[in-house]
Amino acid sequence: MSATPPTPQKKPVQVQLTSPAAAKTTTSSDPAKIEPPPATAPARATMPPATPAKTNPRQGKFSSVFLISLIVGFIVFAGAFYYVGIVPRLTEKTALDQEQKLSMERRVVYVPARLATPKSELPLPGTIEAFQEASIFARTTGYVKRWLVDIGDVVHEGDLLAELDTPEVDQQLSQAQATSEQAKASLDIAQTAADRWNAMVKDRAVSQEEADEKNATLNEAKATYDADLANVRQLTDTENFKRIVAPFTGTITYRHIEVGNLVTSGTGTAATGTSELYRIAQIDPVRVYVDVPEANTPSIQPGVVANLHVQAYPDRIFQGTVVRNAGALDNASRTLRTEIDIPNHDGALLPGAYADVHLELVDKTPAILIPANALIVNSAGTQVALLESTDASDNDHFKVHLLPVKVGRDFGTEVEILRDLKEGDRLVTNPAADLNEGTVVTGKMLPPPPSTAPPPSPLAQKS
């Protein structure tokens with residue numbers, strides 16, 4: 001039994017008839033049975049051209065929309081898959097890498113070195129003193145005849161304060177004047193005798209020895225008269241001291257005198273038992289003495305402004321200037337005695353009052369200030385951890401350089417560096433003990449602390 005070979009599938013053949021009656025399409029499974037059209041040349045020449053078969057427009061539009069929708073859906077699905085499935089993984093990987101990198105780097109906190117302000121305020125205690133003050137004692141012995149001023153009175157130079165009655169001095173002055181008149185008469189007689197004997201010596205009527213005796217007597221009379229005149233002038237001056245007058249313009253701050261009191265000449269020592277009659281003080285201007293620490297002495301120069309506060313006027317500022325200093329430090333306190341003069345036209349400042357003085361110092365060469373916790377003190381001395389840039393474009397990575405420094409004044413939270421540092425240098429705060437030279441670190445700047453300075457009082461006014 002033999003196998004029957006498969007019959008090949010024949011494609012249908014579409015034939016368009018060109019008959020004038022009708023166009024007919026014949027489909028046959030056998031291409032050999034297809035009858036060819038009659039070959040009539042004249043009829044073929046007169047037939048119209050063949051037209052292609054028309055397709056369904058709805059079917060084509062549906063196919064295009066389906067294809068576009070399929071492409072858009074694929075794009076949306078791919079994008080959603082990327083953002084949901086891939087992006088989080090990439091983000092986590094980047095964060096993990098960054099965290100691992102940061103964990104391997106050494107991080108420090110640094111602060112920049114700053115330049116101290118040229119102007120600074122130095123508060124010091126002081127005591128107000130009168131510009132001039134004098135205790136007035138009697139320069140002659142007598143009784144108080146009258147007194148004219150009391151405490152608080154303002155007097156001017158030469159004004160009469162009190163008057164004394166000095167009968168003993170008056171009698172001594174009268175006696176001295178009488179004695180001087182006798183000496184004057186003796187001098188006139190001696191002068192006449194000397195002139196006469198000198199003339200007779202020329203005529204050889206008397207000897208030269210006798211003329212010399214007369215001249216010596218004249219000289220003695222002159223000396224006696226001069227001594228008597230000096231005694232008269234002394235007693236006259238003593239007589240004038242019974243009028244007690246003000247030595248300068250000021251205010252009477254003390255009085256110890258009454259009418260009829262016996263006063264004696266003296267300076268108020270314990271031996272004499274005398275006391276001052278008046279005390280006068282000049283309070284415009286007033287002086288204030290302060291003791292400036294040795295570290296601030298280079299800034300103490302004449303003309304430095306000083307603001308004065310007193311408890312009696314808390315809402316007022318009195319302004320003065322430095323006029324002089326002692327020029328040498330006190331051996332006990334190592335401070336410089338400095339004088340400040342303050343105008344006191346209205347007499348508000350009283351001698352003896354406590355004062356809070358604020359000196360406005362100007363430093364021509366301001367120092368560098370750094371936080372105290374940036375210092376490293378060990379066996380190598382005093383150092384700071386200075387951060388140096390490894391790359392000009394990289395502001396996060398630095399190289400550590402341990403720099404020896406010399407410390408000046410200590411202000412508590414800050415210290416003064418005298419050399420080798422400049423403004424803006426980055427210094428590590430609270431440096432670790434194992435922070436070595438050349439270590440590469442990542443630095444973060446510490447923000448500056450907020451200002452704690454109180455605002456100026458709105459009631460403050462300058463005198």
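Student: Is Glu339 buried or exposed?

Tutor: Good place to begin, and keep in mind that this is a predicted model. Buried means under 20% relative accessible area. The relative accessible area of Glu339 is 4%, so Glu339 is buried.

Student: Which residue forms a salt bridge with Glu339?

Tutor: Side chains of opposite charge can pair when their charged atoms come close. For Glu339, the closest N and O atoms of the pair are 2.9 Å apart, and the partner is Arg324.

Student: How many residues apart in sequence are the parts that this pair, Arg324 and Glu339, ties together?

Tutor: Let's place each residue: Arg324 is in strand 14 (residues 313-329), and Glu339 is in strand 15 (residues 335-342). The pair therefore ties together parts whose separation in sequence is 15 residues.

Student: Which strands stand at the edges of the open sheet with the order 4-17-22-21?

Tutor: This sheet has four strands, and their pairing is antiparallel. An edge strand here has a single partner strand, so one side of it is left without a neighbour in the sheet. That describes strand 4 (114-115) and strand 21 (407-410).

Student: In strand 22, which residue is the bridge partner of Val407?

Tutor: Strand 21 pairs with strand 22 (residues 414-417) in the antiparallel sense, over two bridges. Opposite Val407, the bridge partner in strand 22 is Ile417.

Student: What is the distance between the closest N and O atoms of Glu416 and Arg409?

Tutor: Start with their surroundings: Glu416 is buried at 8% relative accessible area, while Arg409 is partly exposed at 28%. These two residues form a salt bridge. Their closest N and O atoms are separated by 2.8 Å.

Student: Which residues are joined into one network by salt bridges that share partners?

Tutor: One link is the salt bridge between Arg255 and Glu258, with closest N and O atoms 3.2 Å apart. Arg255 is partly exposed at 22% relative accessibility, and Glu258 is partly exposed at 39%. The network consists of Asp150, Arg255 and Glu258.

Student: Where does Arg255 sit in the pairing of strands, and what stands opposite Arg255 in strand 12?

Tutor: Strand 10 (residues 250-255) pairs with strand 12 (residues 278-293) in the antiparallel sense, over four bridges. In strand 12, the residue opposite Arg255 is Tyr278.

Student: What separates the C-alpha atoms of Val154 and Gly250?

Tutor: Val154 lies in strand 7, which is joined to strand 10 by two bridges. Along the chain, Val154 and Gly250 are 96 residues apart. Their C-alpha atoms are nevertheless separated by 5.7 Å.

Key:
Residues are numbered from 1 along each chain as its sequence is written. This is a predicted model: local features need pLDDT of at least 70, side-chain atom pairs count only at pLDDT 80 or more; totals for chains, interfaces and linings use all residues. Side-chain values use heavy atoms; hydrogens and water are left out. Two strands pair if DSSP finds at least two bridges between them. A salt bridge is a side-chain nitrogen of Lys or Arg within 4 Å of a carboxyl oxygen of Asp or Glu. Buried means under 20% relative accessible area, exposed over 50%, partly exposed in between (1.4 Å probe, protein chains only).
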